Amino acid sequence: MSVTVRVPAKVNVQLSVGAARPDGFHDLANVFLAVGLYDEVTVAPADRLRITCSGPDAAQVPLDASNLAARAASALAARHGIAPDVHIHIDKDIPVAGGMAGGSADGAGALLACDALWGTGTPREDLLALCAELGSDVPFSLVGGAALGTGRGERLTPVEVGGTFHWVFAVADGGLSTPAVYREFDRLTEGTRVPEPVASDALLDALRSGDPKALAATLSNDLQAPALSLRPSLAATLAAGTEAGALAALVSGSGPTTAFLTEDEATARKVAAALTASGTCRTARTAASPAPGATVL
Ligand SMILES: C[C@@](CO)(OP(=O)(O)O)[C@H](O)COP(=O)(O)OP(=O)(O)OC[C@H]1O[C@@H](n2ccc(N)nc2=O)[C@H](O)[C@@H]1O
Ligand SMILES: Nc1ncnc2c1ncn2[C@@H]1O[C@H](COP(=O)(O)OP(=O)(O)O)[C@@H](O)[C@H]1O
């Protein structure tokens, strides 16, 4: 017997970052949009907790207890006083360390899959609390769709989306460390007054309208400058996608994946081909949003 859960990647359509808090985290106004690139997490009974991974980036995924899927299984088992004896297999399609919350997706997926496998019937709010303990982005991976994340991004309010948005994601060579990008944000803003992060009404209206041009005009990411500071070559990728006809280009979360919003699916395919040919990224993928959250297949 096994259970498979499919979990989407995300892009941040607004990522407003406040000053560093005493606990080292940053308060955010983080508008998440789930996109149709997925990892699949399959769990099956085993004699001990074991993890395997397949997919183009599998070599970069840790297969020890630090893997977010393993941590999720252990946390759920501990909550119910049972042993986390499970084989977790991750079929990974989400770029690793790319600012698309792939690890978070696997954490949310393993939680939901183990809950189904073990018949533990954990209430939704308890699953969300476990997700928040695993990482700031993990609750959103569970719920999907679109949501505003406040606090460190873990407190979610659903956001309405009035249509399908078409994206291209340019996958960079190598990852960027999320803590390093936040540290670079702190360095670049040192000595300035960092405003309280607030969700943009214009952005929320644009999402509700389903109009890609309106959304393109309101996208923002406070981690873009620090990501570019650590990886200046991303400027060429952003420029290549814009020249190829994207409505807007931005760094996805902490990067180094870059995201391009397009008018429609045909333009997305054209921009992806141009980005791949430009030599400014490893590969380019198209995906539509919003996508559903973690789902048992
Ligand atoms: C930047 C974002 C945007 O959605 O995602 P990615 O681009 O990495 O996918 C998130 O804030 C990443 O969330 P996540 O990857 O879950 O981070 P966590 O595991 O909770 O924290 C990792 C580290 O990031 C920093 N961190 C994270 C969240 C936050 N609100 N403030 C922070 O300063 C802290 O240094 C923390 O120790
Ligand atoms: N299941 C997992 N998949 C990918 N990375 C993981 C996983 N579990 C832990 N990690 C670690 O988390 C880091 C961040 O990976 P990921 O979540 O893909 O990127 P990001 O935080 O930029 O969205 C990786 O470098 C890796 O060491």
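Into which domains is the protein chain divided? In this predicted model, the chain splits into domain 1, residues 3-159, and domain 2, residues 165-289. The C-alpha centres of domain 1 and domain 2 are 22 Å apart. Contact between them involves 29 residues of domain 1 and 34 residues of domain 2. On the domain 1 side, β1, β2 and β5 (146-150) each contribute at least two residues to the touching surface. By class, that side of domain 1 consists of 20 nonpolar, eight polar and one charged residues.

Part of domain 1 also carries a database annotation. An unreviewed UniProt entry lists residues 67-145 as "domain: GHMP kinase N-terminal". Over residues 67-145, the chain is 59% helix and 8% strand. The C-alpha atoms at the two ends of this segment lie 24 Å apart. The annotation "active site", again from an unreviewed UniProt entry, covers K10 and D137. These two residues span 128 residues in sequence, yet their C-alpha atoms are no more than 9.3 Å apart, so they gather at one spot. K10 belongs to strand β1.

Ligand 1 is surrounded by 21 residues. The closest are G135, S136, D137, R152 and G253. D137 is thus listed here and is also covered by the "active site" annotation in the UniProt record. Three elements, β1 (3-20), β2 (26-45) and α5 (178-189), each supply at least two residues of the shell around ligand 1. β1 and β2 also each supply at least two residues of the domain 1 side that touches domain 2. Both domains take part in the shell around ligand 1, with at least three residues from each of domain 1 and domain 2. The shell around ligand 1 comprises seven nonpolar, twelve polar and two charged residues.

Ligand 2 has 20 residues around it. L68, A97, G102, G103 and D106 are the closest. Helices α1 (68-80) and α2 (102-118) each provide at least two residues of the shell around ligand 2. The largest share, four residues, comes from α2. Domain 1 and domain 2 each give at least three residues to the shell around ligand 2. Its residues fall into nine nonpolar, ten polar and one charged.

An open sheet is formed by four strands in the order β9-β10-β7-β11. The pairing is antiparallel. β9 (248-251) and β11 (283-289) stand at the edges with a single partner strand each, so one side of each has no neighbour in the sheet. Neighbouring strands of this sheet are turned against each other by 25 degrees on average, direction ignored. Strand β7 (residues 165-171) and β11 run antiparallel and are joined by seven bridges. W167 has A287 of β11 as its bridge partner. Helix α9 (residues 234-243) packs on the sheet and touches β7, β9 and β10 (258-262). The direction of α9 makes about 15 degrees with that of β10.

How values were computed
Residues numbered from 1 in each chain as written. Chains lettered and ligands numbered in written order. Predicted model: local features only at pLDDT ≥ 70, side-chain atom pairs only at ≥ 80, totals over all residues. Near = placed C-beta within 6 Å. Nonpolar A, V, L, I, M, F, W, Y, C, P; charged D, E, K, R; others polar. Domains from an automatic or database assignment. Pairing = 2+ DSSP bridges. Axes fitted to C-alpha atoms, helices over the stretch in contact; angles between N-to-C directions. Contact = placed C-beta atoms within 7 Å. UniProt positions renumbered as here; feature names shortened; annotations may be inferred.
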